[in-house]
Protein chains: 2
Amino acid sequence: MAITIKDIAKRANVSTATVSRVINNKSEGISPQTREYIQSIIKELNYQPNALARGLITRKTSTIGLILPDITNPFFPDLVRGIEDAANKAGYSVFLGNSDDNAKKEKKYVQLMTEKKVDGIIFSSTAKYSKDLYDELIAADIPVVLIDRGESGDAYSGVYMKNEEGAYMATKHLLEQNHTRIGCISGPPSVQNSQDRVEGYKRALAEAGISVQESWIVSGGYRIDGGYEVARKMLADGEVTAIFACNDLMAIGVYEAAQELGKSIPRDVSVVGFDDIRLISTLMPKLTTIRQPAYQMGKEAAKILIQSIKKKGIKQKVVYWEPELMIRQSTTKL
Amino acid sequence: MAITIKDIAKRANVSTATVSRVINNKSEGISPQTREYIQSIIKELNYQPNALARGLITRKTSTIGLILPDITNPFFPDLVRGIEDAANKAGYSVFLGNSDDNAKKEKKYVQLMTEKKVDGIIFSSTAKYSKDLYDELIAADIPVVLIDRGESGDAYSGVYMKNEEGAYMATKHLLEQNHTRIGCISGPPSVQNSQDRVEGYKRALAEAGISVQESWIVSGGYRIDGGYEVARKMLADGEVTAIFACNDLMAIGVYEAAQELGKSIPRDVSVVGFDDIRLISTLMPKLTTIRQPAYQMGKEAAKILIQSIKKKGIKQKVVYWEPELMIRQSTTKL
DNA sequence: CTGAAAGCGCTTACAG
DNA sequence: CTGAAAGCGCTTACAG
């Protein structure tokens, strides 16, 4: 058996209450001698408090949950790292759950984490029905912060990218290079951030007085092969001189399609991506893209969550991150 | 307040013991009617057991810890996903910790997880001193399984790649293409799997009757820029016609150096990597590499851990995974 | 400055 | 088949 507070108390000839006080640095009302004495025997016996017992009584576990679609999507590792670093620094542990944007899995994780009494949850979900989960959590007094994907508006705390703005910048960059026939490979139609990116694309075109061709906006599902499929058609048609891919993964697909069709980037097609994920630097020519500071966003989300855990009843906080256009080699003047 | 087993008991006019029994599907010794009745009111009140209280008494939390160097290293997300999937399927949650291969952080995570009473830990560490942590854990009756990196031999359960074998295959492939002057960019000298890979490289050369030049073995620290630095020198010297990079990240660095020096892959240099990480497919020409099935390895590690959690006292189990040579476009006959 | 006691929400022998 | 009671390892008023 592990050694407990009772063992310490017995050994030190004090009550468990006193031991508990020194462990928690409570009320100065404790003589320096006993404090030191108890501390010495805590060290001697290498005592480690049982977090379950403590959590049961304090109703705080210093644990947070993180539910995201898929850690394997290269956008997420940096996000997770940011969350983990900030959480750990503040003394919190994090539970990880991959939902695959699947309602059942999300629900299961929420339940699991709730039973394990997490102090709060960071949620990245695209699903419409997830709203019920957020509400449930909040009703149970478990703070939630949404990240990257989620409900627009400020009903919930959240950390997002200015997706519309980023897409606008990407498209405008293309327009400034004299492109007018610009394809847009969007993400899954149901995903909010994809819709926002499409909006930004449209706004840039509209501003430039170019009428939007709905046939130039096609979903590639945020996946490499989706981007590839869509790009193959767009490029074969030759309708378009530039492509804005709503994420980098799909931009990779565009590169593959271009290579297959013997088209050169940027000479034959200019392409802009979105995310600036790690290892995108291996693409040649280097991809011009919209940078999303995943690590920072994760860090911020964790901070907000921990704040609202500590000061109960804090009202929600929403942060929108500024996109940044990283001009590299995949675009050129027409 | 959340609703408790007491509330259920009161409402159902039974004792908490009975409620507990139906929750845990215990001893058939319970009448179908009461069981059903209690279940109905559990559902009605949407009762969720408190895992802290349960864990406190059962000494099982259905939680495992995962400590790895850095989720941001592209080798790990798949590993994590494999672990998470297997764990979740078996009803376990996972705590994530990034150690940066740093002794203090590792120790901190072990302590945190121990206090939170994880049932077991999956550990990926390169550090020599981590051995003490494993022993501590095992002494505290917390099963450990090492993954990818760790103590060689079978003192601990572990899931590893046959690193020596993989490197041997990579090098042999190069030899079969008539290369004899083959550079080796190794990982950090202290990392076991890097040492093993270097051994495999040496064995292949020895077998081919080629004397090993120690000056051709240089560490790139498993990082892109490290691979780049080393490759720049190797390629500038022109001493070498092929490079075996001990991981894909460093192979990326080789590509960058080659491009900068105006050398063509594979015409001027052949290169083989190790890992077959995601997105390596974006490298052009496509990288020939040794495939490491990260997802499967993670899954296996979780299964082994859960097994040893369930059947206490099971003796350790060590699994070595077979490497696979993925021949693509970065190597050619001399 | 310190202790006795109650209680957090469960499970599990032990009775009956 | 079911209940009373003890106990897991802590913390926290309440006394003194």
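Reader: How much area do chain A and chain B bury between them?

Author: Start with the general idea. The size of an interface is often given as the accessible area lost when the parts come together. In this predicted model, chain A and chain B bury about 4,700 Å² between them. Carbon and sulfur atoms hold 56% of that area.

Reader: Which residues of chain A lose the most area to chain B?

Author: They are A:Leu52, A:Arg81 and A:Leu279. Together they make up 15% of what the chain A side buries.

Reader: How many residues of each chain are in contact?

Author: The count is 50 residues of chain A and 50 residues of chain B.

Reader: How many salt bridges are there between chain A and chain B?

Author: Look for a Lys or Arg nitrogen within 4 Å of an Asp or Glu oxygen. Between chain A and chain B the count is 4. One pair to find is A:Arg81 with B:Asp100. Their closest N and O atoms are 2.2 Å apart. A:Arg81 was also named among the residues that lose the most area to chain B.

Reader: And how many residue pairs are in polar contact between chain A and chain B?

Author: There are 24 such pairs, with both residues at pLDDT 80 or more.

Reader: Which elements give two or more residues to the side of chain A that touches chain B?

Author: Four helices and a strand of chain A do so. The helices are α4 (51-58), α5 (76-89), α6 (103-115) and α11 (248-260). The strand is β2 (93-98).

Reader: How do the residues on that side of chain A divide by class?

Author: Into 23 nonpolar, 15 polar and 12 charged residues.

Reader: Do the strands run parallel or antiparallel where β2(A) joins β2 of chain B?

Author: Antiparallel. β2 of chain B spans residues 93-98, and 3 bridges join it to β2(A). To trace one bridge, start at A:Leu96. Its partner in β2(B) is B:Val94.

Reader: Now the DNA. Which residues are closest to DNA strand C?

Author: First find the residues around the strand, then ask which part of the DNA they meet. Here 31 residues surround DNA strand C. The closest are A:Arg21, A:Ile57, A:Arg59, B:Ser20 and B:Lys26. Of the atoms of DNA strand C that come within 4 Å of the protein, sugar and phosphate account for 69%.

Reader: Where can I see a phosphate oxygen of DNA strand C by a side chain?

Author: Go to A:Arg59. An N or O atom of its side chain is 2.5 Å from a phosphate oxygen of DNA strand C. For B:Ser20, the side-chain distance to a phosphate oxygen is 2.6 Å. B:Asn50 uses its backbone: a polar atom there is 3.3 Å from a phosphate oxygen.

Reader: Which elements give two or more residues to the surface near DNA strand C?

Author: From chain A, α2 (16-23) and α4. From chain B, α1 (5-12), α2 (16-23) and α4 (51-58). The largest share, 5 residues, comes from α4(B). By class, this surface has 12 nonpolar, 12 polar and 7 charged residues.

Reader: What about DNA strand D: which residues are closest?

Author: They are A:Ser20, B:Thr18, B:Arg21, B:Ile57 and B:Arg59. In total 31 residues surround DNA strand D. Sugar and phosphate account for 70% of its atoms that come within 4 Å of the protein.

Reader: How is B:Thr18 placed relative to a phosphate oxygen of DNA strand D, and what is the distance?

Author: A polar side-chain atom of B:Thr18 lies 2.6 Å from a phosphate oxygen. For B:Arg59 that distance is 2.5 Å. The side chain of B:Thr34 has an N or O atom 2.9 Å from a phosphate oxygen of DNA strand D.

Reader: Which element gives the most to the surface near DNA strand D?

Author: α4(A), with 5 residues.

Reader: Last topic, the backbone. Which peptide bond of B:Pro266 is cis?

Author: Most residues other than glycine have a negative phi, and most peptide bonds are trans. Here the bond from B:Ile265 to B:Pro266 is cis, with omega near 5 degrees. B:Pro266 sits in the loop between α11 (248-260) and β9 (270-275) of chain B. The bond from B:Met284 to B:Pro285 is also cis, with omega near -5 degrees. B:Pro285 lies in the loop between β9 and β10 (288-291) of chain B.

Reader: Is phi of B:Asp101 positive or negative?

Author: Positive, near 55 degrees. B:Asp101 lies in the loop between β2 and α6 (103-115) of chain B.

How values were computed. Residues numbered from 1 in each chain as written. Chains lettered and ligands numbered in written order. Heavy atoms only, no water. Contact = heavy atoms within 4.5 Å. Buried area = accessible area lost by both parts, 1.4 Å probe. Salt bridge = Lys/Arg side-chain N within 4 Å of Asp/Glu carboxyl O. Polar contact = N/O pair within 3.5 Å; in protein donor to acceptor, adjacent residues only side chain to side chain. Nonpolar A, V, L, I, M, F, W, Y, C, P; charged D, E, K, R; others polar. Pairing = 2+ DSSP bridges. Near = heavy atom within 4 Å.
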